[in-house]
Amino acid sequence: MFINCHTYYSLRHGTLSPEDLVTTAAGQGVTVMALTDINNTSCTFEFIAACKQHGIKPVAGIEFRRDHQFLYVGLARNKAGWHNLCAFLSEHSLEDKPLPHVMPPIKDVCIIYRRLAKPLADFYDYEYLGVRPEEVNKLYRSDTSKHQEKLVVFHPVTFTDEDGFRTHKLLRCIDLNIVLGKLTTKDHAPATEVFLTPEALRQAFLQYPQIIANTEQILADCTIDMACSYQHNRRTFTGQAGGDQKLLTKLALNGCERRYGTHHRQALERTQKELKVIFQLGFASYFLITWDIIRYAHSAGYHHVGRGSGANSIVAYCLYITDVDPLELDLYFERFINPHRSSPPDFDIDFSWDERDDVTDYIFKRYGREHTALLATYNTFKGKSIIRELGKVFGLPKADIDTIVDEPLASHKHHPFARYIFKYGKRIEGFPNYLSIHAGGILISEQPLFYHTALQMMPKGFPITHFDMYGAEDRGYHKYDILSQRGLGHIKDAVEFIRHNQGQIVDIHDVASIKEDEKVRAQLRSGHCIGCFYIESPAMRGLLTKLQCDNYVHLVAASSIIRPGVAKSGMMREYIKRYHEPDTTQYLHPVFEEHLGETFGVMVYQEDVMKIVHHFAGLDLDESDVLRRIMTGKKKTSDTFRRLQEKFFRNCKKRGYPDALTREVWRQVESFSGYSFCKAHSASFAVESFQSLYLKTYFPREFMVAVINNFGGFYHTELYVHEARMYGANIEPPCVNHSTYLTTILGKDVYLGFVHIHSLERSLGQQIVEERLENGPYRHLEDFVRRVDIGREQLELLIRIGAFRFTGMNKYELMWEKNAVYAPELAHQPGILFEEPIDDYQLPELRETRFEQAFDEVELLGFPLCSPFDLLQTSNRGDILAAQMAAHIGREVSMVGYYVTRKNVTTVNGKLMNFGTWLDREGHFFDTTHFPPSLAKYPFQGRGCYRITGQVVEDFAFPSMDVIRMEKLPWVKDERY
């Protein structure tokens with residue numbers, strides 16, 4: 001009887017999770033029901049599973065709406081019908097066509113209208129008209145009653161009670177972006193859309209038994225089932241399983257010879273062993289499709305990094321999917337593909353951010369639109385955004401909303417409506433708000449994806465499924481992670497800058513030589529890695545310095561040790577200690593010494609967690625793998641986690657371990673939750689880090705320009721500009737005759753790009769460059785304004801930043817001349833044959849103040865190009881510099897530093913403390929620790945220079961300061977005003 005039920009995947013409309021919907025239905029005695037979310041198929045699989053658990057027959061459908069108006073409900077009679085419904089909804093999204101008011105002919109589907117979009121006599125045999133219980137009494141005087149064979153019971157379910165109804169209305173306001181007072185009855189569902197008992201529904205239609213019979217017959221005719229099956233994925237690459245095995249064997253053995261030479265017995269044996277397991281588990285197509293993607297990228301000249309658990313595989317290494325040698329690092333393939341595992345390992349394939357979309361486009365064109373889609377993610381209502389959304393719905397002024405957001409516990413300051421905001425905010429917390437694109441997950445299916453989901457076109461031009469990565473895993477789909485990262489952009493652009501600026505060709509793929517380069521290793525040991533992928537943060541700089549890390553194997557470990565899981569367990573510090581004093585290491589148990597000897601008994605990688613729970617506690621390999629996946633956040637089932645935890649403690653008890661030992665081992669295991677890397681992942685990162693280090697060591701100026709242009713690093717642009725200057729670059733503000741839209745380098749001169757000028761239009765920056773390339777350098781201001789179509793305010797920005805300094809005129813002179821030569825009606829006329837002579841006039845003397853350029857740069861670039869210490873009122877620069885800290889351990893000193901960044905940390909008592917990073921007046925880094933009492937009394941006050949007083953301390957020969965007090969120092973007076 002229930003043919004129109006909604007979950008909260010009827011976005012900003014429904015109020016029930018799939019589980020709540022089914023549980024409530026079961027409580028009302030419902031035995032069959034249809035899920036028909038509005039233009040959405042996200043949770044059909046979960047709905048079917050929940051119905052099975054509660055003994056309810058599931059029916060799958062979709063409610064189609066256009067511009068918030070109900071059109072019709074489609075119910076799938078079978079799998080083919082579900083495919084047709086999903087394909088119909090997808091077609092209109094992919095092709096950006098509005099849904100029609102009348103459903104065109106469609107097979108294996110029942111269609112229910114609410115209004116007569118066409119005469120009842122013209123309805124197909126699968127089309128019906130829905131009648132609400134509250135409309136029954138009007139039937140007797142309607143011509144509709146003459147066609148009872150076409151009528152069905154239509155009682156939508158959207159919420160369960162009065163509070164749910166209010167929640168629904170608030171969601172509708174959020175969706176329509178209106179205040180609650182503007183919501184009309186046509187904008188929301190009626191309050192009657194709650195579950196009734198089947199008997200109550202029958203009673204409402206007692207006078208019309210045929211309507212009841214029609215409804216029951218439709219539900220009886222509809223069947224749907226969705227099973228988790230890895231057969232959903234594309235099963236072959238060549239078209240035949242045997243062909244896949246032959247091709248993969250050939251590629252792997254040929255690659256093995258190229259990677260290791262012709263007589264490397266160990267490599268050959270492992271390759272053959274892996275191939276056997278890959279074929280046994282049916283993963284040949286997964287490897288070949290990944291190889292195909294990499295092959296296309298290489299043909300287009302794109303660089304990639306292959307990481308993820310799949311990098312444990314020597315077959316992946318031989319196929320050039322990864323550059324991580326599993327023999328060199330003793331990577332444990334069996335932990336990630338073993339006979340107990342039903343899903344393939346992860347391959348995370350990184351491309352430069354500006355090349356990833358082209359690779360994605362290839363995949364879609366290669367494997368077909370109906371078989372290929374990006375995964376969705378659910379953007380949910382959460383945190384402060386809920387307060388802001390509901391605050392707007394209740395009509396609160398922005399100031400009142402800000403107060404609630406900034407001081408949620410200060411109820412005495414809150415608007416009276418705040419209690420309703422918190423009440424209903426709690427109800428909608430975690431509800432899906434809209435679908436967006438997963439970071440890079442792509443599905444490639446055997447059958448059309450429409451058998452499981454509709455697709456939604458996104459602004460990037462690629463469609464997404466309606467389910468997320470967890471939904472894909474539940475259904476049995478494997479994803480291909482095609483990701484982007486800025487680090488590869490740094491490398492690619494740096495190589496190009498080196499070729500242009502120095503005429504050298506750099507082979508960045510000769511990783512073996514790079515890893516052994518003494519200068520590169522010295523650079524790593526110094527910790528001076530600003531701009532280098534994954535190893536530039538203050539914490540990593542400190543760790544590398546403390547470890548004196550100077551080789552690839554130790555960098556692999558460091559890349560994982562820095563993760564919060566190891567630090568949280570206290571084992572990062574223990575690792576450093578054991579690293580320097582390996583002979584004093586005391587292992588928790590002989591199992592730790594046997595299996596974690598390489599990392600001094602410290603669990604550093606995901607594999608280590610698996611080794612310990614398997615060898616120490618006796619969990620099976622497949623159970624160890626499941627536990628690993630839970631620890632990394634890839635499984636949601638807490639029941640499984642508790643079961644494995646209980647087995648861990650039970651097995652340890654049987655083995656006679658002391659309770660204290662068991663608890664300590666579990667503490668270390670548990671601390672990895674959500675943070676640990678697999679070793680292959682760390683190894684892939686370390687390869688890219690070494691490539692970045694090589695470029696920084698030998699070509700630091702070109703490398704830093706590449707970092708500036710790719711944005712997205714750990715620090716602000718200002719620090720990367722500073723770093724280029726430290727390596728001998730002459731930093732120039734944007735110039736109309738030398739700059740491009742992005743930053744460029746000419747010899748040692750680095751010209752900042754127009755992109756860095758706040759409020760300068762992108763199209764103007766590009767036009768300036770295009771016109772200069774076509775018709776030559778600009779000769780003077782008048783020549784510029786005649787050739788470039790520019791507004792007065794945009795011209796003033798260029799003058800203020802110094803983009804016309806080649807004229808020899810200062811800013812005031814240029815501003816004066818601008819008034820004489822700026823004529824928009826003559827602008828952008830490069831074709832003038834005869835120029836009028838420039839008037840010769842005498843200007844009064846106009847002078848810039850000493851720091852005027854610096855303050856203009858702060859306003860327009862966000863930072864000065866001179867030393868920020870030059871702008872201080874005081875001449876005091878502190879007692880010592882960063883380089884002198886090691887000689888003042890234990891002493892209280894004062895230092896003046898320019899703020900770079902800080903990290904917020906919450907203590908075990910819930911109090912805030914900070915780690916600060918600074919530059920001294922010579923441009924070198926130093927670090928500070930701000931414990932809660934000091935931070936509360938002397939808080940950070942934004943960017944600028946500070947006088948910091950504290951005690952110099954040392955940790956593994958890495959000096960820093962424990963701050964006692966701190967004050968921000970004022971700039972000199974800005975004399976422009």
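These legends go with close-up views of a predicted model.

**View 1. Five strands close up into a barrel.** Follow the strands round and you go S18-S19-S20-S22-S21, a closed barrel with mixed pairing. From one strand to the next, the twist averages 50°. As a general reminder, strands of a sheet pair through backbone hydrogen bonds, in either the parallel or the antiparallel sense. The next two views take a pairing of each kind.

**View 2. S20 and S22 run parallel.** Here strand S20 (residues 925-930) sits alongside strand S22 (residues 958-968), and two bridges hold the parallel pairing. To get your bearings, look for Thr-928, which stands opposite Met-961 in S22.

**View 3. S21 and S22 make an antiparallel hairpin.** Strand S21 (residues 945-955) is joined to S22 by ten bridges, with the two strands running antiparallel. At the turn end, Asp-955 stands opposite Phe-958 in S22. Two residues lie between the strands of this hairpin, and Phe-956 takes a positive phi near 50° there. That's worth a second look, because most residues other than glycine have a negative phi.

**View 4. His-930 is tucked away in S20.** Is His-930 buried or exposed? His-930 is buried, because its relative accessibility is 0% and the cut-off for buried is under 20%. This histidine belongs to strand S20, and its side chain makes a polar contact with the side chain of Thr-928 at 2.8 Å. Thr-928 is also the residue that stands opposite Met-961 in the parallel pairing. Leaving aside residues up to four places away in sequence, His-930 touches Met-913, Asn-914, Gly-916, Trp-918, Leu-935, Phe-940, Val-963 and Met-966.

**View 5. Helix H19 lies across the barrel strands.** H19 (residues 538-547) lies across strand S18 (892-906), strand S19 (912-919), S20, S21 and S22. Against S22, the helix runs at about 145°.

**View 6. Two loop residues have positive phi.** Which loop holds Arg-12? You'll find Arg-12 between strand S1 (2-5) and helix H1 (18-27); its phi is positive, about 55°, although Arg-12 is not a glycine. The other residue in this view is Tyr-320, in the loop between helix H10 (314-318) and strand S9 (348-352). Tyr-320 also has a positive phi, near 65°. With a relative accessible area of 27%, Tyr-320 counts as partly exposed, because that value falls between the 20% and 50% cut-offs.

Technical notes. Residues are numbered from 1 along each chain as its sequence is written. This is a predicted model: local features need pLDDT of at least 70, side-chain atom pairs count only at pLDDT 80 or more; totals for chains, interfaces and linings use all residues. Side-chain values use heavy atoms; hydrogens and water are left out. Two strands pair if DSSP finds at least two bridges between them. Helices (H or I, at least four residues) and strands (E, at least two) are DSSP runs, numbered from the N terminus. Buried means under 20% relative accessible area, exposed over 50%, partly exposed in between (1.4 Å probe, protein chains only). A polar contact is a pair of N or O atoms within 3.5 Å; within protein, one must be able to donate a hydrogen and the other to accept it, and residues adjacent in sequence count only if both atoms are side-chain atoms. Contact means heavy atoms within 4.5 Å. Axes are lines fitted to C-alpha atoms, for helices over the stretch in contact, and angles run from 0 to 180 degrees between N-to-C directions.
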